[in-house]
Amino acid sequence: MRWRVLLSASGPVPFRLTFWVMTVGYLGNSILPMRAGDLGRSYLMGQRAGMGGTFALATTVAERVLDAAFLVIVGGLSLLGHPLVPDWLSRGLIVLAVISCIGLAVLLALPRFWDPLASRLERVPRLSSTIRRLRERWLDRFFEGLASIRHPGRMVMFLALTCVLWFFDAVGTALFARALGVVISIPAALVLLSALGASSAVPLTPGQIGVYQWVASSVLGSYGVAPEPAVLMAIGLQAMNYLVLLAWGAVCTFQLGGPEILRVLAGLPALSGEKEPDDESGNH
């Protein structure tokens, strides 16, 4: 629903199609390095919805930047009054805050200045034909996608859905911890999710295996949780995420056409800005 808010800047997108593509992309992020699933879902959405891969990629970039900014705010507020904040988490949130501010400034400024800048570049003899070709194929659609966050109503809806998502995620994490005999508060769950999100911003390993467990045990340890149940909880959370993604990912891959999806996730096709016709029902 949240991604659809940004995609709607190009026109209505079927919910089922968005769900299938998003789930396949998240599955790709879990099994492939360097967040290849985000590139794959952008390509798939661009082709299946006829909006162009570069437009969908721009909305994915905007979504990630806004999510990182929200993550910093939530993590920072949840850490207020917590005396045992790990140094690496404080430094990580500061670095992420700086990157998020720069990213937001770029997202808001570039679409506004792109047309004047491109027009000037087209006047340069050596660049004229290249810039014109790039604008027609990729760049204009990419900056239209970035501009999707500048619509006030769209931005309010995106932030509202982000708050709902993080709240349910925190409640689910706290309930899962309690099922394992680990009692943590909602603010502690938000700090944990913020730390896990910050660590996933730098994709060190496929699926963050190892990194995920270290981060979770460090954060939970600062709240007095012993290392063994902390690692158990981290393994359980990650296993649950994998099971859900594998189950839904298999269904969504089948709905979108299995062999083609596997090629996309393997990174074989390149992003294309060209539109392709597709039916509006989302049935493929």
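What follows is a walk through the helices, aromatic pairs and a few chosen residues of this structure. The model is a predicted one, and the tour starts with the overall layout before moving to the details.

The protein has eleven helices and zero strands. Reading along the sequence, the pattern is simply α-α-α-α-α-α-α-α-α-α-α. Of the 284 residues in the protein, 45% are buried. As for contacts with a sequence separation of 6 or more, 73% of them come from residues 24 or more positions apart.

Now for how some of these helices pack. Two packed helices are described by the angle between their axes and the distance between the axes. Take H9, which covers residues 211-222, and H10: their axes are 8 Å apart and meet at an angle of about 135°. That angle makes H9 oblique to H10, since angles from 65 to 115 degrees would count as roughly perpendicular and those over 145 as roughly antiparallel. The crossing of H9 past H10 is right-handed. On the H9 side, the contact is made by Tyr212, Gln213, Ala216, Ser217 and Leu220. H10 brings Ala230, Val231, Met233, Ala234, Ile235, Leu237, Gln238 and Asn241 to that contact.

H10 also packs with H7. Here the angle is about 125°, and the axes are 10 Å apart. H7 and H10 are therefore oblique to each other, and H7 passes H10 in a right-handed crossing. Thr173, Phe176 and Ala177 of H7 make this contact, with Met233, Gly236, Leu237 and Met240 on the H10 side. Met233 and Leu237 of H10 thus turn up in the contact with H9 and again in the contact with H7.

Next come the aromatic rings. A search of the whole structure turns up six aromatic pairs. One of them joins phenylalanine 19 and tryptophan 248 in an edge-to-face arrangement, at 5.2 Å centre to centre and with 85° between the planes. Phenylalanine 19 lies in helix H2 (residues 15-31) and tryptophan 248 in helix H10 (residues 227-256), so this pair ties together parts that are 229 residues apart in sequence. Neither ring is hidden away: phenylalanine 19 counts as partly exposed because its relative accessibility is 32%, and tryptophan 248 counts as partly exposed at 45%. Phe15 joins in as well, forming one aromatic cluster with Phe19 and Trp248.

Another pair is made by phenylalanine 70 and tryptophan 166. This one is tilted, with 50° between the planes and 6.3 Å centre to centre. Phenylalanine 70 belongs to helix H4 (residues 53-79) and tryptophan 166 to helix H7 (residues 152-179), so the pair ties together parts that are 96 residues apart in sequence. Phenylalanine 70 is buried, with a relative accessible area of 15%, and tryptophan 166 is buried too, at 11%. Where the H2–H10 pair is partly exposed, then, the H4–H7 pair is buried.

Tryptophan 3 has a charged partner rather than a ring in this next case: the charged end of arginine 41 sits over the ring of tryptophan 3, 4.5 Å from its centre. Tryptophan 3 shows up again among the residues that threonine 59 touches.

Threonine 59 itself is found in helix H4. With a relative accessible area of 0%, threonine 59 is buried. Leaving aside residues up to four places away in sequence, threonine 59 touches Trp3, Leu6, Leu7, Gly145 and Ser148. The C-alpha atom of threonine 59 is also 8.4 Å from that of isoleucine 149, a residue 90 places away along the chain.

Two more residues round out the picture. Leucine 80 lies in the loop between H4 and helix H5 (87-122). Leucine 80 is exposed, with a relative accessible area of 63%. The C-alpha atoms of leucine 80 and proline 187 are separated by 9.6 Å, although the two residues are 107 residues apart along the chain.

Asparagine 29 lies in helix H2, the helix that also holds phenylalanine 19. Asparagine 29 is buried, with a relative accessible area of 15%. From asparagine 29 to leucine 39, ten residues apart along the chain, the C-alpha separation is 9.4 Å.

Conventions
Residues numbered from 1 in each chain as written. Predicted model: local features only at pLDDT ≥ 70, side-chain atom pairs only at ≥ 80, totals over all residues. Heavy atoms only, no water. Phe/Tyr/Trp six-rings, centres within 6.5 Å; stacked < 30°, edge-to-face > 60°. Helix = DSSP H or I, 4+ residues; strand = E, 2+ residues; numbered from the N terminus. Buried < 20%, exposed > 50% of the residue type's maximum accessible area, 1.4 Å probe, protein only. Lys NZ or Arg CZ within 6 Å of the ring centre and 35° of its normal. Axes fitted to C-alpha atoms, helices over the stretch in contact; angles between N-to-C directions. Parallel < 35°, antiparallel > 145°, perpendicular 65-115°, else oblique. Left-handed = near helix turned anticlockwise from the far one by under 90°. Contact = heavy atoms within 4.5 Å.
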